[in-house]
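Open the model in your viewer and keep the sequence panel beside it. The stops below say what to select and what is there.

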Amino acid sequence: DEFQDTSEAQNELVRLLSGGEFARVTVVGDDKQSIYRWRDARVQNLRDFAGAEKFLRVNHRSTQGILDLAHHFVITDPYFAARAEDIRLAADRGASEVPICVFHPPDGFPKSFDLEARSLSAWILSVTGRLGEKSPFAFYRAAHTPLDFGDVAVLMRSQSEYSGLAEYER
């Protein structure tokens, strides 16, 4: 499991233990989740593995909105774009009542932590009903009961001095 996170040495060890050609070996992995390059993980181990490839089509953890958003970002990589329909997932949990919003500048626009933080603040005030009629997110306000502040989560890329955290804290 998690074969996308094996190093070249680990891959070679599994190959040798299996008799030299990965005989009687099954691996499980997801090359979209390869995040351990800094630990010498080599996603190519999974991509080069000889054998039948099986795709899991149903996700049991996330709602469809999260899966669709992740798919949108993943297929910007040409490797995944060529396999877009093979790797598309359906959520057995269906859709969610909770809105999903990503604050990220469009391609070609400079990154602005200040603009991102202000947009996020407006979104939070809107979904909690604090902007009322002034809300730029009228589509949400009209269709949903306001959330409590405790129902809102903000996921940050990191908390380094270069992450924009200071702008968010203001």
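Helices and strands here are DSSP runs, helices being H or I with at least four residues and strands E with at least two, numbered from the N terminus. This is a predicted model, in which local features need pLDDT of at least 70 and side-chain atom pairs count only at pLDDT 80 or more, while totals for chains, interfaces and linings use all residues. Residues are numbered from 1 along each chain as its sequence is written, and side-chain values use heavy atoms, with hydrogens and water left out.

**The whole chain**

Select the protein chain and colour it by secondary structure: it has 8 helices and 2 strands. From start to end the order is α-α-β-α-α-α-β-α-α-α. Buried residues (under 20% relative accessible area; exposed is over 50%, partly exposed in between, with a 1.4 Å probe and protein chains only) account for 25% of the 170 residues. Now turn to contacts (heavy atoms within 4.5 Å). Of those between residues at least 6 apart in sequence, 64% link residues at least 24 apart.

**Helix H1 and the loop after it**

Select residues 8-17, which form helix H1, and pick out Asn-11 within it. Is Asn-11 buried or exposed? Asn-11 is buried because its relative accessible area is 15%. Apart from neighbours within four places in sequence, Asn-11 touches Phe-3, Phe-22 and Asn-45.

Next select Glu-21, in the loop between H1 and H2. With a relative accessible area of 67%, Glu-21 is exposed. Add Ala-50 to the selection: Glu-21 and Ala-50 are 29 residues apart in sequence, yet their C-alpha atoms are 9.0 Å apart in space.

**The largest pocket**

A pocket is found on a 1 Å grid over the protein atoms alone, as an open set of points where a 1.4 Å probe fits, with protein on both sides within 12 Å along at least five of seven lines; lining residues have an atom within 4 Å of a point. The largest pocket holds about 1,400 Å³ of space, the volume being that filled by probe spheres set on grid points joined across faces, edges and corners. Select Gly-29, Asp-30, Lys-32, Gln-33 and Leu-56, which are the closest to its centre among the 38 lining residues.

Then show helix H2 (44-47), strand E1 (58-59), helix H3 (64-74) and helix H5 (84-87), each of which supplies at least two lining residues. Which element gives the most to the lining? H3 does, with 5 residues.
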